[in-house]
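Take a walk through this model, starting with its cysteines. Then come a helix and a ligand site.

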Amino acid sequence: MIKLTIHENEKLGKINPEIYGHFSEHLGRCIYEGLYVGENSEIPNNKGMRTDVVEALKDMKLPVLRWPGGCFADEYHWKDGIGPKETRKKMINTNWGGVVEDNSFGTHEFFELCDQIGCKTYVNGNVGSGTVQEMSEWVEYMTFDGESPLAQQRRANGRDKAWKVDYFGVGNENWGCGGNMMPEYYADEYRRYQSFVKQYNPDSPITRVACGPNADDYEWTDKLMARCFARTFEHLHGNLDSISLHYYTVPHDWSHKGSATDFSKEDWYITLSKTLKMEELISKHTTIMDKHDPKKIVGLMVDEWGCWYDVEEGTNPGFLYQQNSIRDALVAGINLNIFNKHCDRVRMANIAQTVNVLQSVILTEGKKMLLTPTYHVFRMFKYHQDAQLLQSFLTGVDETGMGEWMVPEVTESVSAKDGMVNITLNNLSADDAKTVEISFDELKVSSIEASVVTGAMNAHNTFENADVVKTEELKNVEITETGIKVTLPACSVVLLRVK
Ligand code: AHR
């Protein structure tokens, strides 16, 4: 029998809402068509932002949005995206499909979007092909409220008050598309660039995000931490607030990643097994960070994660448009539980990418919009945001899988907020329901709300049938003498809200 033991009196730390963050790049139909259709569109919009998409993202409680890339950020020149739209420069999006980028969505539009969603802002600067001056002026343009040429320019462009930049990325993937740098070189560049990310508003400082490692590049983390955190002057409050980590779940290899919906049971287990690598990556990077920073001052921001499959047939290969199935729901549930459990170091995570790109929560086609299985998981997990992580562990969990691709049958995380305990469980088995007995230290359970996202492993929503996968009430739950007994269907992600 699988048992989940919850020590509700042992609070392990706050789950930062930003762990449920998202990433939106100028890539394919994420920004254009997905989030932004322009004011003259027939699709209902508010100042150009799709009303249906914004409403869905609000309902999911999207806490923070990263923009404008990704690799796109490393060739983005922000001044091209301000001022009258008719005079904005057109450029080629060299990373993503070679299409024309007309810059109609720029800095002002990004802040308008975040304002409508009600989320925090994460702007990614250009280290790869930009200059220190360009980055420093962007920060001044966005955040300086006094008299200066850049603040005046912002006012002339229609925005009087400075915006709040919550997070600022000093480069993206500088080990790859952001300049192919070596760790020592990037670390020195980081030190120089971040010096000019000025804190104009000390009461609400910008959290700087340095480009961290690609997956298991532990040397990168070690060298970055050594050069940027250890060798600093305490009175300057350190150079480094946080570092990023990028890890995508790619079922096969980069040249043949595999289909989003047409996959075998073995692919199911390969995908989930590769997703679970996130636990190892975070643990090992954390150990290295702990060596340099035992007080855990520096955050680890998993600011790109999710499934990366072959694009849907007939779509532009550079647009990274893929479907999303119950398998993606499990990938989301597994990762989010891992992030919760590591909330002492993981302060933000951003799934790639919000709409129409990679593991999206929303897909659009013209006026139509659908919510993916991943969306339903994010909406269920929203109760963890800002909650206290509770001590919890499973016993009696066997492995399931095929060949070398073995995974635990069930994973979990538990939090508490506003008098409610939130338990999220994933059943990774493709075939078997699993019963879990849950016990608490003292809590006498009086009520449970139980919801589930489940279906056949490749079940997904289409524009013709958008409700194949949805959040449903879970029936197989009972209050027992010792706590709760719940049966998780095969291929399921479950939320229990307990009082
Ligand atoms: O999310 C797509 C791309 O993946 C991003 O632009 C880049 O940072 C990463 O390689």
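Cysteine 343 is a buried residue, with 7% relative accessibility. The model is a predicted one. Cysteine 119 is buried as well, at 11% relative accessibility. The cysteine sulfur closest to that of cysteine 119 belongs to cysteine 114. The two sulfurs are 3.8 Å apart, too far for a bond. The cut-off for a disulfide is a sulfur pair within 2.5 Å.

How many disulfides does this rule give? The count is 1. The partners are cysteine 71 and cysteine 177, with 2.2 Å between their sulfur atoms. A disulfide is a covalent bond joining the sulfur atoms of two cysteines. The link of cysteine 71 and cysteine 177 is left-handed, at -90° about the S-S bond. Cysteine 71 sits in the loop between strand S5 (64-67) and strand S6 (91-93). Cysteine 177 sits in the loop between strand S9 (167-170) and helix H5 (183-195). The pair therefore ties together parts that are 106 residues apart in sequence.

Is each partner buried or exposed? Cysteine 71 is buried, at 13% relative accessibility. Cysteine 177 is partly exposed, with a relative accessible area of 34%.

Next, helix H3. This helix covers residues 132-143, 12 residues in total. From first C-alpha to last, H3 reaches 17 Å. That is close to the 16 Å expected at 1.5 Å a residue. H3 is mostly covered, with 11 of its 12 residues buried. Among them are Val132, Met135, Trp138, Val139, Tyr141 and Met142. The buried set also includes Glu134, Glu137 and Glu140. In an α-helix there are 3.6 residues a turn, so residues three or four places apart point the same way.

What covers the buried residues of H3? The cover includes two strands met above, S5 and S9, and also helix H5. Helix H2 (107-117), strand S8 (120-125) and helix H4 (149-156) are part of the cover too.

Last, the ligand. Which residues are closest to the ligand? They are Glu25, Cys71, Glu173, Tyr248 and Glu304, out of 13 that surround the ligand. Cys71 is also a partner in the disulfide. Glutamate 25 places a polar side-chain atom 2.7 Å from a ligand oxygen. Glutamate 304 likewise has a polar side-chain atom 2.7 Å from an oxygen atom of the ligand. For glutamine 353, an N or O atom of the side chain is 3.0 Å from a ligand oxygen. Taken alone, the ligand exposes 280 Å², and the protein buries 93% of that.

Technical notes
Residues numbered from 1 in each chain as written. Predicted model: local features only at pLDDT ≥ 70, side-chain atom pairs only at ≥ 80, totals over all residues. Heavy atoms only, no water. Helix = DSSP H or I, 4+ residues; strand = E, 2+ residues; numbered from the N terminus. Buried < 20%, exposed > 50% of the residue type's maximum accessible area, 1.4 Å probe, protein only. Expected span 1.5 Å × (residues − 1). Contact = heavy atoms within 4.5 Å. Near = heavy atom within 4 Å. Polar contact = N/O pair within 3.5 Å; in protein donor to acceptor, adjacent residues only side chain to side chain. Areas by Shrake-Rupley, 256 points an atom, 1.4 Å probe, with all protein chains shown as cover.
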